[in-house]
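Hi,

Here is the structure I said I would pass on. Have a look at it first, and then read my notes underneath.

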Amino acid sequence: LTFRIGALRDSRLMARKVGAVRRVVCASPDYLARHGRPVLPEELGHHPCITFTGLGSTDRWDFTSDGQARSVRVRSRLTVNSAEAAIDAAIAGLGVTRVLSYQMAAAQTAGLLEVVLQAHEPQAVPVSLVYDGQGALPLKLRAFLDFAAQRMKSRLPVPDDPS
């Protein structure tokens, strides 16, 4: 069994979709009060950014506006290799960061971070539990799939998904 964030390729493996994650841009309420809230992705050029190498480019972030994908140059004040470091730096007011929605959910719930540019986020990325579909499914695996899927679905909602 594996936990997969991203689109799945055709294969002999079975998958159970359990939700989706978004790439979100966020900052602390204090930072936003002092420097203003960006409304358009291009405004990030005027904000110091905390870039997380785990999400790709450290000098360009991808957005979608009016159904069109576009890439915006960002000015990296700090580059880190963990989401936790990016989130901690944003909470400290050092700038704006981009992480996955589940990574910053606790800080958002606590009021330490706010999402900005939500209308321009790229499409959500599916999250699936993937397992070998050949032969009979062991009872332990089936029990775990049922247990994990239920909990993950409640924490990783799929935007505009009727299921």
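Below is what I found, starting with the whole chain and then going through two of the helices.

Keep in mind that this is a predicted model. The chain has four helices and ten strands, and from the N terminus they come in the order β-β-β-α-β-β-β-β-α-β-α-β-β-α. Along the principal axes, the C-alpha atoms fill a box of roughly 60 × 35 × 30 Å. Of the 163 residues, 37% count as buried. If you take the contacts with a separation of 6 or more, 77% of them are between residues 24 or more positions apart. The exposed area comes to about 9400 Å², with carbon and sulfur atoms supplying 52% of it. As for charge, there are 20 positive and 15 negative ones, and their mean positions are 5 Å apart.

Now helix 4, residues 139–155. Does its length fit the residue count, or not? With 17 residues at 1.5 Å each, the helix should span 24 Å, and its end C-alpha atoms are 25 Å apart, so the two agree. Its buried residues are L145, A148, A149 and M152. Looking down the axis of helix 4, you find these within an arc of 110 degrees, so they line one face. That fits the usual pattern: an α-helix has 3.6 residues a turn, so residues three or four places apart point the same way. L139, K140, Q150 and S154 are exposed on the other side of helix 4.

What covers that buried face? Strand 1 (2–5), strand 2 (13–21) and strand 10 (125–132) are among the elements that do. A residue to click on in strand 2 is A20, which counts as buried because its relative accessibility is 8%, under the 20% cut-off. A20 and M152 are 132 residues apart along the chain, yet 9.6 Å separates their C-alpha atoms.

Helix 2 (residues 83–91) is worth a look too. A83, A86, I87, A89 and A90 are its buried residues. They cover an arc of only 165 degrees around the axis, which puts them on the same side of helix 2. E84 and D88 are exposed on the other side. The cover over the buried residues of helix 2 includes strand 4 (48–52), strand 7 (75–80), strand 8 (96–100) and helix 3 (101–109). After helix 2 comes G93, with a positive phi near 85 degrees.

Cheers

Terms used
Residues numbered from 1 in each chain as written. Predicted model: local features only at pLDDT ≥ 70, side-chain atom pairs only at ≥ 80, totals over all residues. Heavy atoms only, no water. Helix = DSSP H or I, 4+ residues; strand = E, 2+ residues; numbered from the N terminus. Expected span 1.5 Å × (residues − 1). Buried < 20%, exposed > 50% of the residue type's maximum accessible area, 1.4 Å probe, protein only. Arc of directions from axis to C-beta. Contact = heavy atoms within 4.5 Å. Areas by Shrake-Rupley, 256 points an atom, 1.4 Å probe, with all protein chains shown as cover. Lys, Arg positive; Asp, Glu negative; His and termini not counted. Charge placed at Lys NZ, Arg CZ, Asp CG, Glu CD.
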